[in-house]
Amino acid sequence: MNLRKGLAAASIVALAAPLSACGSSGTSANSTATSPEGEKATLTVFAAASLHQVFQQINDEVFAKDHPNVEVKFAFEGSSTLFDQLKAGAPADVLATANQKVMKKAIESELVDTPEDFTANTLTLIVPKGNPAKVTGLDASLDKARLVVCQERVPCGSATKKLEEAAGVTLHPASEENKVTDVRAKVESGDADAGLVYKTDAASAKNVEVIDVPAADKIVNKYPIAVVKDSKQAKLAADFLAAVQSEAGQALLEKAGFMKP
């Protein structure tokens with residue numbers, strides 16, 4: 001076995017556990033659409049962590065209605081992690097990323113068909129309820145606060161770097177996370193005094209307060225979605241894209257706080 005195949009095999013084995021976990025929590029009982037042959041089928045969707053709740057809703061309320069025999073398995077991770085897994089050979093049918101930069105890498109690696117932007121998001125600042133560190137924004141109030149952000153390699157981290165430039169500040173985070181949901185979780189638990197997350201994550205977070213960051217409105221991440229070239233369920237994958245882009249799918253995205261692309 002050469003090194004490339006060995007790495008691919010290791011990645012697929014590593015992915016098996018999270019996919020199984022996502023299948024149990026992210027696959028509803030109702031999501032088991034009919035395959036082209038009318039038999040039961042499985043569709044694997046790799047999606048950015050910030051899409052966790054809304055993609056499950058779109059599956060349950062839109063896609064599953066026309067595809068009662070399809071089990072949808074989700075893997076929700078940082079977009080860069082999903083790209084790395086896909087490139088290493090992990091099987092998937094759909095890829096949805098939280099910015100165009102990561103999707104461009106997937107295109108250049110010939111992993112996906114032509115993508116389409118389906119929604120967009122911006123950042124905001126959240127603090128634990130009561131704001132114990134008295135954070136007021138991207139200012140001197142963060143000097144002694146435990147700020148958590150995303151790693152620059154993932155879309156929310158890339159947006160954070162752009163936000164620093166737009167706001168004319170240099171941030172000194174206590175930690176940098178692999179995905180935006182990890183940032184949110186640290187603020188929710190009180191392990192961080194502040195965190196930069198997408199507005200949609202702030203809207204679904206528990207026991208937090210939102211501090212508006214005006215400069216963040218200038219930094220918009222567009223989310224593209226595409227069918228994976230090696231998909232064995234290309235027709236069903238295209239149907240899932242259609243569900244996301246449908247009027248009902250877009251309404252659910254808007255309700256969750258996402259923006260038009």
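Reader: What makes strand 6 (residues 147-150) and strand 7 count as paired, and in which sense do they run?

Author: Strand 6 and strand 7 share three bridges in the parallel sense; two strands pair if DSSP finds at least two bridges between them, so they qualify. One of the partners is E177 in strand 7, which bridges to C150. The strands themselves are DSSP runs of E with at least two residues, while helices are runs of H or I with at least four, and both are numbered from the N terminus. This is a predicted model, in which local features need pLDDT of at least 70 and side-chain atom pairs count only at pLDDT 80 or more, while totals for chains, interfaces and linings use all residues. Residues are numbered from 1 along each chain as its sequence is written, and side-chain values use heavy atoms, with hydrogens and water left out.

Reader: Which strands stand at the edges of the sheet with the order 7-6-8-5-9, and what makes them edges?

Author: In this open sheet of five strands with mixed pairing, strand 7 (175-177) and strand 9 (208-211) are the edges, as each pairs on one side only. From one strand to the next, the twist averages 35 degrees.

Reader: How do you know that helix 6 packs on this sheet, and which strands are touched?

Author: Helix 6 touches strand 5 (123-128), strand 6, strand 7, strand 8 (194-198) and strand 9; contact means heavy atoms within 4.5 Å. The direction of helix 6 makes about 140 degrees with that of strand 8.

Reader: Why are strand 2 and strand 4 called edge strands of the other sheet?

Author: That open sheet also has five strands and mixed pairing, in the order 2-1-3-10-4. Strand 2 (70-77) and strand 4 (116-121) each have a single partner strand, so one side of each has no neighbour in the sheet. On average, neighbouring strands here are turned by 20 degrees against each other, direction ignored.

Reader: In which sense do strand 4 and strand 10 pair, and over how many bridges?

Author: Strand 4 and strand 10 (residues 221-227) pair in the antiparallel sense over five bridges. Among the bridge partners are D117 and P224, the latter in strand 10. Helix 4 packs on this sheet and touches strand 3 (94-96), strand 4 and strand 10, making about 30 degrees with the direction of strand 10.

Reader: How is helix 3 placed against helix 4, and what decides the word for it?

Author: The axes of helix 3 (residues 79-87) and helix 4 (residues 100-108) cross at roughly 10 degrees and come within 9 Å. Axes are lines fitted to C-alpha atoms, for helices over the stretch in contact, and angles between N-to-C directions run from 0 to 180 degrees. Angles under 35 degrees count as roughly parallel, over 145 as roughly antiparallel, 65 to 115 as roughly perpendicular and the rest as oblique. Helix 3 and helix 4 are therefore roughly parallel. Their contact is made by S79, S80 and F83 of helix 3 with V102, K105 and A106 of helix 4.

Reader: What is the word for helix 8 against helix 9, and why?

Author: Helix 8 (residues 234-245) and helix 9 (residues 247-255) pack at about 60 degrees, with axes 4 Å apart. That angle makes helix 8 oblique to helix 9. The residues in contact are A243, V244 and Q245 of helix 8 and E247, G249, Q250 and L253 of helix 9.

Reader: Which helices each supply at least two residues of the lining of the second largest pocket?

Author: Helix 2 (52-66), helix 6 (180-189) and helix 7 (199-204) do. The lining has 14 residues, and S50, Q53, R184, T200 and S204 lie nearest the centre of the pocket.

Note on methods: On a 1 Å grid over the protein atoms alone, a cavity is a set of points where a 1.4 Å probe fits but cannot get out, and a pocket is an open set with protein on both sides within 12 Å along at least five of seven lines; lining residues have an atom within 4 Å of a point.
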